[in-house]
Amino acid sequence: MNKKNVWSTRLGFYLVAIGSACGLGNLWRFPVVVGENGGGAFVLLYVMCALLLGLPLLIGELILGRKTGKSIMAGMEALAENPHQKKEREALGLKPPFFRLVGAFAVLLSMAILSYYAVISGWVLHFVIQFLVSFTETANSTTSARLIELMTNGWLQMGLASVHLLLVMIIVLKGVQEGLEKWVGYMMPAFGVLLVILMYKSISLPSGIEALRFLLYPDFSKLNLSSLLSAIGHVCFTLSVGLGTMVTFGSYMREQEHIPTAGFRVTLVDTFVSIFAGLLLFPIVLSASNIPLTDPGLLFEALPRFLLELSGGQVFGLLFFVCLYLATLGASIGLFEMVVSNLQEKFKWNRTRTTWITGLLLLLASAIPALSSSVFKGIRVQGMSLLEILDSFLINLLLPVLALLVALALSYGLSLSEKRSLFVDNHRIESVALFEHWIWILRYLVPTLIVLALALHFLGFLF
Ligand code: PHE
């Protein structure tokens, strides 16, 4: 996408932002974290964090992108040089190296997350292929057998992750991603309809009531000392905030767009998709006693098993995994595009060279998560596999720390009047009052929540 290209329609922004936000985070990771943290109380905590932490950060990132017209690294550079509020922020120790560090940290973390995301996208691709093949087979091998085959074959996972990354690279290289992202965006409503149909069928299972109770009835005794940090990490991951993806999208936004409203809509849609995914999966998991509540088990074992029992299940299965794959492709392109545009701005390389270098680095890095259940099977800490360790280190620890730094950079790098001019819309009276709240939340509440969550998490290690 050309930097000067501003989306000509309002829909363009929504399609791409929602396309980036909705992905594996909603359908695969959300049910797992909810399962690990005991259900309803965590869902409540998650929704609160989405509104009080994810949304304010999302608005802040979009404002930074719109204001500077750049990606996060150059955007942070602009904040470091901003003459407004200079004294105030330097008194707090937020000098130019701090802003540069935040930009570089965001790009490095995005690369690490993308190399891990590519492996899980490869799993989705595996199921797309399996459902395709199932039309030609007479006897179906069980989904458990397919999952075991995938989990024990690290080279297969690496191959699939490489295919995924190559596809993302080709799309970014050919510059067709704007068209593709929109296409992915148009398919999202169809995916939404499919999700609702499947959710209805799943809730009609005898375990439906139990699943509703599990998801919606808050039992606070089920929360643990790490739950707040898990909620914050997952909110940042699923809304694509903290990493600067939304800064890049904000730089393409049209002048007329009201940023807070856009941020609110993206948050709302993403949260609903996650809740729907929970409502789809938990009745299935609760009705079958032998489905493991572990990462791959929850979506990749439970869902195919359920689908194959429905009439027309193969078609539903194929449609579901194709839609899921397109959603992960949309999210991966967003992340990849963000890394490429930052490196391009920083090193002044051309696009082809930047794309190849980024792609090759990611291919190498994806070997670690891809081989975690085979070659690196022996590496386990507190019963967690390498993939689970990576997941919690990147998403539950580094991402909240980065979000904290981004909140500080946005609070002290842009002056109140600069932020007001992009937040307040004189035709919307409520935006004046909301502005004061947003400033306060970003400056005090978001950092406090993240520091509290980190403190509680580390306290958990002591007890
Ligand atoms: N939000 C995406 C998901 O839920 C993942 C993602 C994170 C994409 C960060 C871009 C940036 O799957």
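Modeller: Before we start, contact means heavy atoms within 4.5 Å. Please also keep in mind that this is a predicted model.

Colleague: Thanks! Let's try that term at once: which residues is Leu212 in contact with, leaving aside its neighbours within four places in sequence?
Modeller: Leu212 sits in helix H10, which covers residues 208-216. With neighbours within four places in sequence left aside, its contacts are Ile203, Tyr217 and Leu279.

Colleague: Is Leu212 buried, partly exposed or exposed?
Modeller: The relative accessibility of Leu212 is 27%. Buried would need under 20% and exposed over 50%, so Leu212 counts as partly exposed.

Colleague: And how far apart in space are Leu212 and Gly39, C-alpha to C-alpha?
Modeller: Along the sequence, 173 residues separate Leu212 from Gly39. In space, their C-alpha to C-alpha distance is 9.7 Å.

Colleague: Let's move to the core. Which residues have the most contacts inside the largest nonpolar core?
Modeller: That core has 159 residues. Its largest share comes from helix H6 (residues 96-134), with 20 residues. The residues with the most contacts inside the core are Phe191, Phe300 and Phe320.

Colleague: What does Phe191 touch, once neighbours within four places in sequence are left aside?
Modeller: Phe191 is one of the residues with the most contacts inside the core. Leaving aside neighbours within four places in sequence, Phe191 is in contact with Leu27, Phe320, Cys323, Leu324 and Ala327.

Colleague: How is helix H2 oriented to H6?
Modeller: H2 spans residues 24-36, and its axis lies 12 Å from that of H6. The two helices pack at an angle of about 90°. Angles of 65 to 115 degrees fall in one class, so H2 is, with respect to H6, roughly perpendicular.

Colleague: How do the residues of that H2 and H6 contact divide into nonpolar, polar and charged?
Modeller: From H2, the contact uses Leu24, Gly25 and Trp28. From H6 come Tyr116, Tyr117, Ile120, Ser121, Trp123 and Val124. Gly counts as polar in this scheme, and the division is seven nonpolar, two polar and no charged.

Colleague: Where does Pro96 sit, and how far is its C-alpha atom from that of Arg146?
Modeller: Pro96 belongs to helix H6 and is partly exposed at 21% relative accessible area. Not counting residues up to four places away in sequence, Pro96 touches Ala80 and Glu90. Arg146 is 50 residues from Pro96 along the chain, and their C-alpha atoms are separated by 51 Å.

Colleague: What about cysteines: how many disulfides does the structure hold?
Modeller: Take Cys49, which is in no disulfide and has the sulfur of Cys236 as its nearest cysteine sulfur, 8.9 Å away. Cys49 is buried, at 3% relative accessible area. For the whole structure, the number of disulfides is zero.

Colleague: Why is Cys323 without a bond to the closest cysteine sulfur, and which residue holds that sulfur?
Modeller: Cys323 is buried, with 9% relative accessibility. A disulfide needs sulfur atoms within 2.5 Å. The closest cysteine sulfur is 12 Å from that of Cys323, so it is too far for a bond, and it belongs to Cys22.

Colleague: Now the backbone. What is the phi of Ser240?
Modeller: Most residues other than glycine have a negative phi. Ser240 is found in the loop between helix H11 (227-238) and helix H12 (245-251) and is buried, at 8% relative accessibility. Although Ser240 is not a glycine, its phi is positive, about 55°.

Colleague: Lys348 also has a positive phi; is Lys348 buried or exposed?
Modeller: Phi of Lys348 is near 55°. Lys348 lies in the loop between helix H15 (313-347) and helix H16 (351-365). Its relative accessibility is 69%, and the cut-off is over 50%, so Lys348 counts as exposed.

Colleague: One more helix residue: how far is Met158 from Leu364 in space, C-alpha to C-alpha?
Modeller: Met158 is in helix H8, residues 154-174. Not counting residues up to four places away in sequence, Met158 touches Leu363, Ala367, Ala370 and Leu371. Met158 and Leu364 are 206 residues apart in sequence, and their C-alpha to C-alpha distance is 9.6 Å.

Colleague: To finish, which residues is Ser385 in contact with, leaving aside its neighbours within four places in sequence?
Modeller: Ser385 lies in strand S2, residues 384-385. At 16% relative accessibility, Ser385 is buried. Leaving aside neighbours within four places in sequence, its contacts are Ile379 and Arg380.

Definitions and conventions. Residues numbered from 1 in each chain as written. Predicted model: local features only at pLDDT ≥ 70, side-chain atom pairs only at ≥ 80, totals over all residues. Heavy atoms only, no water. Core = buried A, V, L, I, M, F, W, Y, C linked by side-chain atoms within 4.5 Å. Buried < 20%, exposed > 50% of the residue type's maximum accessible area, 1.4 Å probe, protein only. Helix = DSSP H or I, 4+ residues; strand = E, 2+ residues; numbered from the N terminus. Axes fitted to C-alpha atoms, helices over the stretch in contact; angles between N-to-C directions. Parallel < 35°, antiparallel > 145°, perpendicular 65-115°, else oblique.
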